[in-house]
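Please look over the sequence and the model below before reading on. The paragraphs that follow start with the ligand and then move outward.

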Amino acid sequence: MYYVKVGLASCGIAAGSAAVYERFQQELTPDVTLQPTGCLGMCYCEPLVEVINSTGERYLYGNVTDKDVLRILSTHIRDGNPVTELLVDAPSTSDDDRVYFAKQSRFALQNCGVINPEDIESYFLVRGYEGLKKALLNMSSEQVIREVEQAGLRGRGGAGFPTHLKWTLTRKAAGEQKYIVCNADEGDPGAFMDRSILESDPHSVLEGMLLAGYAIGASKGYIYIRAEYPLAIKRLRTAINQARQHELLGAAVLGSNFAFDIEIREGAGAFVCGEETALLMSIEGKRGMPRFRPPYPAEKGLFGCPTSINNVETLANVPRIIDLGCEAFNRYGTEKSKGTKVFALAGKIKRGGLVEIPMGTTVNELVFSIGGGISTGKAFKAIQTGGPSGGCIPAQLGDTPVDYESLNKIGAIMGSGGLLVMDEDTCMVNLAQYFLTFAREESCGKCSFCRSGTEQMLRILNRITSGMGQLSDLDLLADLGEKIKIGSMCGLGQTVPNPVLTTLKYFRHEYVAHIQDKVCPAKQCKALIDYQVLAADCRSCGICKKSCPVGAIIGEKKQVYTIDSSKCIRCGLCVNSCKFHAIEVFSLPKEVAVCMEVQS
Amino acid sequence: MQSLSAEEIVIIKEIVAKHVGSPGSAIPILQEIQKELGYVSTAFLRQVAELTETPASDLYSIVTFYSQFRLEPLGKNYIQVCHGTACHLAGAERITDSLEHETKTKCGCTSENGEFTLEKVACVGCCSLAPVVNVNGETHGRLTPEKTAKVIENLRNKGNEGNGDVLR
Ligand SMILES: Cc1cc2nc3c(=O)[nH]c(=O)nc-3n(C[C@H](O)[C@H](O)[C@H](O)COP(=O)(O)O)c2cc1C
Ligand code: FES
């Protein structure tokens, strides 16, 4: 008897796992049970197929194509010999892929990639809804809150506010009607932890909301989820329907006198709606403009009623804390930062994907042991956490433990879990410019400092990256950044200068190089780079000339080609097209600014 | 001003009727209209305003605030270029250049012949496949400018069924 699981979350599907699943379906023999599952986190080798034999041994195959399916079926399942070259994890592998799991502690993600996210029975098999049962039968709502307090759970949406305090405030606030809102807006443009949890283990979030509802005395919950996550929305709908059929949602949850139901609201594409007061405005059907706090949502939230807003990952932790007790959670972590945190590793990293680490793991362990190091083979330069609200951590601070306090101390933040890895080819000024462009577009416009300040900062950055900056610009940037932080009402304005401020702090020399030498050390900023054909390597094939969209490449077959710098738009298409690596990018100190059109 | 077809009116009425009595339903109503009809024109807004007895200006303020809503119909092929962090580092800019070049459309616009709509989005959640482009709801990963050109060429050759049910 064999179990075959195929990862069918968005990342797997994008890599082609749907075709693999279909192929297995066609070839199925009676001794094989096929099960769709969610995301194991190993995005770097999707599609993933797991084969489990009758003794429970697990064999994980990566980069499987539909053509490999027959081989797995005949060689492994029929003849009992695993297909070694496709294996990424198995009882016998000594490969360093094993470190990937060994260094992680899966708590919030424990069911992801294990259960079938579209089948409630599959969730029951892993003690699903046992936490809820325990609470409804044996615990008062105060006891639920106390368990969460003893676990030391802090909000995973970014700010790290103690969850039990938020619940206590909401519970104590005056009012008949109370709400629980799950924040699934996941706005950081490089993060996908919450999506993965919702796609792979939706019931855990529903159970977390039920427990939160029970704790604060709410009868209704909303899930505010970004519309860009259609698969997560679909699986949540399925899960809600199944929960209703099993009387886990409704007028009498599990026959008790606790009533609770959940409604899904789709976001409509506004980063600021991840901010809690803006999110509430949006659910109320208005423009998502943050409002002043106090009153905090715990007192006056959705439709004026006491409301607790919690992040997806925060809620997914709750059922296990209640079911297994607070020690199951707080045995991980540091003195003040308990438990685990999920990160979405992306950028120049070998093993990009979702990982869950105990708090206190160092940046280096995360990047090198778990992430496998830099994908390009170049030097590790920095990481950035917290997306547009966060900051960078340079390689020399790689020993920093990942916990709330240590990260704050060096000017970075935990953030919601986006973690971008950069190598020496990443221009830090360009990165700051990227995040600020995002921030300027997403500012709601209410506070002048946030609205106009980000615009001015961006203009200065554009000036610097186009070689027109002055050294005094750096002080101006720092000054504006600080003023935007104090002059803005909500968390957006208060944090979006961070990417600029932290890169200024740790990579000031790069800014100076752009300004004084007109050089982009990472060779990224278009106005400061040039292309040239290396005569020694050019085989005069003429491919580059064909690839150039503006006719900037001059020459004939059998001659060395040259690039007309005044026509060149620095698109880089020629570099890609040349099979002989004969086109080089360079950035040298010279007065480029005068001979090049300034980029707007 | 554009006048509504009988069919459009029926669709809008049905959608509004579903939400009667549910507080804060303006956004879901507009989202469903966009899902059904492909966009929300000012004429649609007026119809909703009348049915729900909300000022049309309120609805307009919603449509202009949230980037999901569009006041114009989509082109036949709907192309979303990811400009999330990972894709940015992996060269989303060049993919965008190449798409603009191949489709002769500016990002954020629909081509004159209505064949292509190009749009920037932030992280479609497949960062490890960066740079990523969504074409009519289907994700294409690990793109290079050449691969991008092929994707467009294939769309042209297919004579294509268009964006079907990914209209949103
Ligand atoms: C601009 C901005 C964007 C935010 N985006 C998110 C988000 O996408 N997801 C999230 O859970 N919290 C986000 N937050 C934090 C929320 O305001 C809130 O603190 C959080 O959802 C509370 O849940 P927690 O206590 O479980 O972390 C954002 C905050 C700001 C200021
Ligand atoms: S950044 Fe493009 S998919 Fe995440």
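Which of the 18 residues around ligand 1 come nearest? In this predicted model, they are Gly157(A), Lys166(A), Asn183(A), Asn311(A) and Thr314(A).

Two of these residues also make polar contacts through their side chains. In Thr314(A), a polar side-chain atom lies 2.7 Å from an oxygen atom of ligand 1. For Asn183(A), the distance from an N or O atom of the side chain to an oxygen atom of the ligand is 2.9 Å. Gly274(A) contributes through its backbone: one of its polar backbone atoms is 3.2 Å from a nitrogen atom of ligand 1. As for burial, ligand 1 taken alone exposes 610 Å², and the protein buries 89% of that area.

The shell around ligand 1 can also be described by class and by secondary structure. Its residues comprise 9 polar, 6 charged and 3 nonpolar. Two elements of chain A, β9 (307-311) and α20 (491-495), each supply at least two residues of this shell. The largest share, 3 residues, comes from β9(A). Asn311(A), one of the residues that come nearest to the ligand, is the last position in the range of β9.

From the ligand, the view widens to the space that holds it. Ligand 1 takes up the second largest pocket, which contains about 1,300 Å³ of space. How many residues line the second largest pocket, and which of them lie nearest its centre? The lining has 42 residues, and those nearest the centre are Gly157(A), Gly158(A), Ala159(A), Gly274(A) and Glu275(A). Gly157(A) is also listed among the residues that come nearest to ligand 1, and Gly274(A) is the residue with the backbone contact described above.

The elements of chain A that give two or more residues to this lining are α8 (163-172), β9 and α20. Within the range of α8 falls Lys166(A), another of the residues that come nearest to the ligand. β9(A) gives the most to the lining, with 5 residues, and also has the largest share of the ligand shell. By class, the lining of the pocket divides into 21 polar, 12 nonpolar and 9 charged residues.

Chain B remains to be described. This chain has 7 helices and 4 strands. Read from the N terminus, its elements follow the order α-α-α-α-β-α-α-β-β-β-α. The C-alpha trace of chain B spans about 50 × 30 × 20 Å along its principal axes.

Conventions: Residues are numbered from 1 along each chain as its sequence is written. Chains are lettered from A and ligands numbered from 1 in the order in which they are written. This is a predicted model: local features need pLDDT of at least 70, side-chain atom pairs count only at pLDDT 80 or more; totals for chains, interfaces and linings use all residues. Side-chain values use heavy atoms; hydrogens and water are left out. A residue is near a molecule or strand if one of its heavy atoms lies within 4 Å of it. A polar contact is a pair of N or O atoms within 3.5 Å; within protein, one must be able to donate a hydrogen and the other to accept it, and residues adjacent in sequence count only if both atoms are side-chain atoms. Accessible areas come from the Shrake-Rupley method with a 1.4 Å probe; for residues, only the protein chains shown count as cover. On a 1 Å grid over the protein atoms alone, a cavity is a set of points where a 1.4 Å probe fits but cannot get out, and a pocket is an open set with protein on both sides within 12 Å along at least five of seven lines; lining residues have an atom within 4 Å of a point. A molecule sits in a cavity or pocket if more than half of its atoms lie within 2 Å of its grid points. Ala, Val, Leu, Ile, Met, Phe, Trp, Tyr, Cys and Pro count as nonpolar, Asp, Glu, Lys and Arg as charged, and the others, Gly among them, as polar. Grid points are joined across faces, edges and corners, and a volume is the space filled by probe spheres set on the points.
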